Amino acid sequence: MTFHVAGPAITVAERAPWWGIPVVAGCFLLAVALLTFLANLTLKRLELARGDRAKWDQEILDRALGIKKLCDEMAAVGTESHAAYKENITHRIPVYVANLKALGTHVETLTLLASEDLSKAATMLMISAINTGVAHDYSHLPPKEQRQKQKAADRIPELSQASKTFTEAVRKELRAKR
């Protein structure tokens, strides 16, 4: 429709059809519903990922605690104060066999679950614990041979450093704050 008035022409737009407003409102409603659905889906995925991560973190922590306990036990067998300590190493073998099997399982599982740094730290702790536990008192040997052998007490700093490195690797793996 065009009206002619003295002066410039005035143009009047026609009215929108009666169904236009409900269609625009419906489209807006569908867009909001889609965005809500996507937001809920994202939150669920994050929640599931967080739950999975917590489960694996707990598994890593359980394995790390098992390794630490078994390594402490194996290292302690090499000290004279331990109940299984005997001067002859063959008396300690049953304790080693039991602990070494369990320790091997824990380290293997941790190698599959954890980072390379934690796996290396676990292996070094295991080696240090075995070396400390295998060492025994050489006081019955002549002095010259005693100096050539390493006592368990001499290996304690090595074991302590390996234990500290392992603990730090576990903390790093689990993103733990000090």
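Me: Buried means under 20% relative accessible area, exposed over 50%, and partly exposed in between (1.4 Å probe, protein chains only). Which of these is Leu-41?

Reply: Leu-41 counts as partly exposed because its relative accessible area is 34%. Do keep in mind that this is a predicted model, where local features need pLDDT of at least 70 and side-chain atom pairs count only at pLDDT 80 or more, while totals for chains, interfaces and linings use all residues. Residues are numbered from 1 along each chain as its sequence is written, and side-chain values use heavy atoms, without hydrogens and water.

Me: How confident is the predictor, going by the average pLDDT of the protein chain?

Reply: pLDDT is the predictor's confidence in each residue, from 0 to 100. The protein chain averages 79, and 70% of the residues score at least 70. Among the elements, H1 has the highest mean, 91, and strand E1 (residues 2–3) the lowest, 51. Where pLDDT is low, the predicted coordinates should not be read in detail.

Me: Which elements make up the secondary structure of the protein chain?

Reply: Helices (H or I, at least four residues) and strands (E, at least two) are DSSP runs numbered from the N terminus. Here you will find five helices and two strands. Starting from the N terminus, the order is β-β-α-α-α-α-α.

Me: What share of the 178 residues in the protein chain is buried?

Reply: Buried residues make up 28% of the 178. The protein chain exposes about 12700 Å², and 64% of this area is supplied by carbon and sulfur atoms. Such areas come from the Shrake-Rupley method with a 1.4 Å probe, and for residues only the protein chains shown count as cover.

Me: Back to Leu-41, then. Where is Leu-41 found, and which residues make a nonpolar surface patch with Leu-41?

Reply: Leu-41 sits in helix H1, which covers residues 20–77. Its patch partners are Leu-34, Leu-35, Phe-37 and Leu-38, and the patch has an area of about 490 Å². Patch members have over 30% relative accessible area and no salt bridge; like charges are joined within 9 Å, nonpolar side chains (Val, Leu, Ile, Met, Phe, Trp, Tyr) within 5 Å.

Me: How many salt bridges does the structure hold?

Reply: There are seven. A salt bridge is a side-chain nitrogen of Lys or Arg within 4 Å of a carboxyl oxygen of Asp or Glu. One of them joins Arg-175 to Asp-57, with the closest N and O atoms 2.6 Å apart. This pair links distant parts of the chain, 118 residues apart: Asp-57 is in helix H1, and Arg-175 is in the segment after helix H5 (152–173). Asp-57 is buried at 12% relative accessibility, while Arg-175 is partly exposed at 44%. Arg-53 belongs to the picture too, as salt bridges link Arg-53, Asp-57 and Arg-175 in a network.

Me: How far apart in helix H3 are the salt-bridge partners Glu-116 and Lys-120?

Reply: They are four residues apart in helix H3 (residues 116–134), so about one helical turn separates them. Their side chains meet at 3.2 Å, N to O. Glu-116 is exposed, with 54% relative accessible area, and Lys-120 is partly exposed, with 48%.

Me: Which residue does Lys-172 meet in a salt bridge?

Reply: Lys-172 meets Asp-117, at 3.5 Å from N to O. Lys-172 is in helix H5 and Asp-117 in helix H3, so this pair ties together parts that are 55 residues apart in sequence. Lys-172 is exposed at 61%, and Asp-117 is partly exposed at 47%.

Me: Which residues does Leu-110 touch beyond its sequence neighbours?

Reply: Contact means heavy atoms within 4.5 Å. Leaving out residues up to four places away, Leu-110 touches Ile-60, Arg-63, Ile-67, Leu-118, Ser-119, Ala-122 and Phe-166. Leu-110 lies in helix H2 and is buried, as its relative accessibility is 0%. Between Leu-110 and Asp-62, 48 residues apart in sequence, the C-alpha to C-alpha distance is 9.7 Å.

Me: And what polar contact does the side chain of Arg-63 make?

Reply: In a polar contact, N or O atoms lie within 3.5 Å; within protein, one must be able to donate a hydrogen and the other to accept it, and residues adjacent in sequence count only if both atoms are side-chain atoms. Arg-63, in helix H1, makes one with the side chain of His-106 at 3.2 Å. Setting aside neighbours within four places, Arg-63 is in contact with Thr-105, His-106, Thr-109 and Leu-110.

Me: Is Asn-99 buried or exposed?

Reply: Asn-99 is buried, with a relative accessible area of 11%. Asn-99 lies in helix H2 (residues 93–113) and touches Leu-70, Glu-73 and Met-74, not counting residues up to four places away. Across the protein chain, of contacts between residues at least 6 apart in sequence, 68% join residues at least 24 apart.
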